[in-house]
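The following exercises concern a single protein chain. Please work through each task before reading its solution.

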Amino acid sequence: MDEMNILQQLNDAEEQYKKAKAVEAAALERAETAEAKLAEAERNYQCAEIWLNTIQESNRKAKENKAAEYAKAVEAAEWRKKQNDAERAKERKWNSMTQQELDTVKDECHRGIEETKARWERELLEKLGSPEAVAAHKKKQQEEIAVLRAEREERLKREKAEHEAYLRRIGVKK
């Protein structure tokens, strides 16, 4: 009987051993699963941290760009204000001039134009060598200008005709 008891105890011990092994295997599997989940969570945390840093950097750059744009806008506004003030001052100056002062300025402008024309004439004479060559050059220029004007007038007439045809085609003009 002792032998049977021992065999029974041995069988019970083997079953308990098998159960303990199964419990250990299940616990080991749960531990491995937990470690895998922990590793995945750590990777997710690192990715989230990278994204957070990227977003913060992007926001910082956006703020810097916005500040730079604002500074440029302020600078442009100040420049426009200075330009407008200068234009207003110039306009006030012209508006406050007497007729005599205006005539003086007009005479100075005419004198400057005449001096410039005379200088161009001298330079052209030096370049071409004789008054006849200068006259021929001026005549050639006048002819070229006349041709350009005629071409321009023709182009404008053609464009006007095309535009009127377009207006008739779309029903705006009859």
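**Exercise 1: A salt bridge in helix H2**

Arginine 119 has a relative accessibility of 37% and therefore counts as partly exposed; buried means under 20% relative accessible area, exposed over 50%, and partly exposed in between (1.4 Å probe, protein chains only). The model is predicted: local features need pLDDT of at least 70, side-chain atom pairs count only at pLDDT 80 or more, and totals for chains, interfaces and linings use all residues. Residues are numbered from 1 along each chain as its sequence is written, and side-chain values use heavy atoms, with hydrogens and water left out.

Task: Determine with which residue glutamate 123 forms a salt bridge.

Solution.
1. A salt bridge requires a side-chain nitrogen of Lys or Arg within 4 Å of a carboxyl oxygen of Asp or Glu.
2. The partner of glutamate 123 is arginine 119, with the closest N and O atoms 3.5 Å apart.
3. Both residues belong to helix H2 (residues 99-128), four residues apart, about one turn of the helix. Helices are DSSP runs (H or I, at least four residues) and strands likewise (E, at least two), numbered from the N terminus.
4. Glutamate 123, at 43% relative accessibility, is partly exposed.
5. Elsewhere, Glu57, Arg60 and Glu64 are joined into one network by salt bridges that share partners.

**Exercise 2: Two pairs in helix H1**

Task: State how far apart the closest N and O atoms are in the salt bridge of lysine 21 with glutamate 24, and in that of lysine 81 with aspartate 85.

Solution.
1. For lysine 21 and glutamate 24 the separation is 3.9 Å; these residues lie three apart in helix H1, about one turn.
2. Lysine 21 is partly exposed at 40%, and glutamate 24 is partly exposed at 45%.
3. For lysine 81 and aspartate 85 the separation is 3.1 Å. These two are four residues apart in helix H1, so about one helical turn separates them.
4. Lysine 81 is exposed at 52%, whereas aspartate 85 is partly exposed at 31%.
5. The count of salt bridges comes to eight.

**Exercise 3: The overall form**

Task: Establish how spread out the protein is in relation to a compact globule.

Solution.
1. The protein contains three helices and zero strands.
2. Its radius of gyration is 49 Å, well over the 16 Å that the globule rule gives for 174 residues, so the protein is more spread out than a compact globule. The radius is taken over C-alpha atoms, and the rule is 2.2 Å times the number of residues to the power 0.38.
3. The C-alpha atoms fill a box of roughly 150 × 50 × 50 Å along the principal axes.
4. Of the 174 residues, 2% count as buried.
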